[in-house]
Amino acid sequence: MTEQDGKHPALKILEDLVSIQSVNPHYGNGACGEGEVADYIERRFQGTNVRVTRQPVFPGRDNLLIELRTGHPESTLLFETHMDTVSIGSMADAVTPIYRGDRLYARGACDAKGSLAGMIWAIEECAKHPERLMSDIVLCAAVDEEHEYRGLRVFMDRNMPVAGAVVGEPTELGIVVAHKGCARFAVETLGKAAHSSMPEEGDSAVYQMVHVLQFIKHVMEPELAKQRHPLCGSPTIVAGTIAGGTQVNIVPEHCSIELDRRIIPGELPEDAIADFERRLQEYIDSEGLHVNISFRELLLDWALETPQDSEIVAHAQKVAQALELRTDLLGVTYGSDASKLQRKGIPTIVYGPGSIAQAHSKEEWVSVHEVERAAQFYYQLALSFHLPR
Ligand SMILES: [Zn+2]
């Protein structure tokens, strides 16, 4: 490749990273997991003044911790992102970096190896002159973000003191300080089976579920639309799956739906489920309906709202301004590891190259220009970050 000359070093790291398949094993056969990416990062830092530690999460799947200790542990800046990707799907040439104009195409290029490459480069640069830094810098390259966030949880169990954190996910170089969380749960209705030639002997769980769906559409949705967070918009609810009945000539005994309720900052996921249950019961009572219902929690994830006066936000804005990048504070509708860190009391922003629209897509790509700018942003932030003295 001739355009290789004069290329930003973070792009060469990104090329190496996307050339290693690291599909999360949750996505089934042929998924390699994060092991080789961890080996690659470890090799880059071997024999340097940067400490590399492996943190076992699953067999053969370790978080990699990169620590540049400069004598300022009270002011540690954490970079956190993930090494796994979603499945290759129908993407062609998914593990070969292909350039077209300003775009680099490959699985993981955007989510989140563009961020990871920039963070690796930033620490390599900082390690050349650690005496200039006013904080310790730690990179946690985590496993399993694309499934159950186990990697981040294991990292947090260590309780490393951290003064501010940047989570690398595609934000198109916007400083994200707020995002939604979610409460996923199943609603089941229970009826009574009967032969369809004698439906009066049975009680259809599917017809019961119609009442629940009416409630979601006509009561819950308008109710949620009335709430609004200035950066994240309104909470939402989606019935993503429905299943009921066993065969055409039997009155269905069971029906179930799975709901994805997206919460806004200020809401708690467990409260969102409790609130749904309470309102649904009120609706059933007031309409005099017959519904036999049960609930099952599937997944809870918190929303992010980072105090806008925290040091990490102030430093991020200063660096963005110096690099002539956007400085306004943003909210997004998707979730990230940032809310888990913030919940532990670590002020956290999300920042990275690429757009969430390209993450997980059939044609994943990242803007080359944005990768270079993000790398500079991480580097300058690492250089300047410190707590007030
Ligand atoms: Zn991601």
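A crossing of two helices is called right-handed if the near helix is turned clockwise from the far one by less than a right angle. Keep that in mind, as it helps with several helix pairs on this walk through the structure. The model in front of you is predicted.

Let us start with the whole chain. Its secondary structure comes to nine helices and 18 strands. The C-alpha atoms fill a box of roughly 80 × 45 × 40 Å, taken along the principal axes. Of the 389 residues in the chain, 54% are buried. Now consider the contacts between residues at least 6 apart in sequence: 79% of them join residues at least 24 apart.

Helix α1, residues 9-18, is a good place to step inside. One of its partners is helix α2, residues 35-45. These two pack at an angle of about 145°, with their axes 10 Å apart, and the crossing of α1 and α2 is right-handed. On the α1 side the contact is made by I13, D16 and L17, and on the α2 side by V37, Y40 and R44.

Helix α1 also packs against helix α3, at an angle of about 130° and with the axes 8 Å apart. Why does this pair count as oblique? The angle of about 130° falls outside the ranges for roughly parallel (under 35 degrees), roughly perpendicular (65 to 115) and roughly antiparallel (over 145), so the rest, oblique, is what remains. The crossing of α1 and α3 is right-handed. From α1, the residues P9, A10, I13, L14, L17 and V18 take part. They meet A109, K113, G114, L116, A117, G118, I120, W121 and E124 in α3. Two of the α1 residues, I13 and L17, also appear in the contact with α2.

Let us pause at G118, which lies in helix α3. Is G118 buried or exposed? It counts as buried, because its relative accessibility is 0%. Leaving aside residues up to four places away in sequence, G118 touches A10, A375 and Y378. G118 can also be compared in position with E364: the two are 246 residues apart in sequence and 18 Å apart in space, C-alpha to C-alpha.

Helix α3 leads us on to the metal site. Which residues coordinate the zinc ion? The donors come from H82 (NE2), D111 (OD) and E169, with E169 (OE) listed twice, at 1.9 to 2.6 Å. Along the chain, these donors follow the spacing H-x28-D-x57-E. The pair D111 and E169 links distant parts of the chain, 58 residues apart: D111 sits in helix α3 (residues 109-127), while E169 sits in the loop between β7 (164-167) and β8 (175-179). The four donor atoms subtend angles of 53 to 137° around the zinc ion, and therefore the arrangement is irregular. D111 counts as buried because its relative accessibility is 4%, and E169 is buried with a relative accessible area of 5%.

D111 has another feature to show you. A cis peptide bond joins D111 and A112, with omega about 0°. A112 lies in helix α3 too. For context, most peptide bonds are trans, and most residues other than glycine have a negative phi.

That brings us to two residues with a positive phi. D93 is not a glycine, yet its phi is about 50°. D93 is found in the loop between β3 (77-82) and β4 (98-100), and it counts as partly exposed because its relative accessibility is 48%. Y149 is not a glycine either, and its phi is about 60°. Y149 lies in the loop between β6 (137-142) and α4 (150-157). With a relative accessible area of 17%, Y149 is buried.

The last stop is another helix pair: helix α5 (residues 205-226) and helix α6 (residues 269-287). Their axes come within 11 Å and cross at roughly 115°, and the crossing of α5 and α6 is right-handed. Helix α5 brings H211, V212, Q214, F215, I216, V219, M220 and E223 to the contact, and helix α6 brings D275, F276, R279, L280 and Y283.

Definitions and conventions
Residues numbered from 1 in each chain as written. Predicted model: local features only at pLDDT ≥ 70, side-chain atom pairs only at ≥ 80, totals over all residues. Heavy atoms only, no water. Donors = N, O, S within 2.8 Å, 3.2 Å for Na, K, Ca; no water. Tetrahedral: all angles 85-135°; square planar, octahedral: opposite > 155°, others 65-115°. Helix = DSSP H or I, 4+ residues; strand = E, 2+ residues; numbered from the N terminus. Buried < 20%, exposed > 50% of the residue type's maximum accessible area, 1.4 Å probe, protein only. Axes fitted to C-alpha atoms, helices over the stretch in contact; angles between N-to-C directions. Contact = heavy atoms within 4.5 Å.
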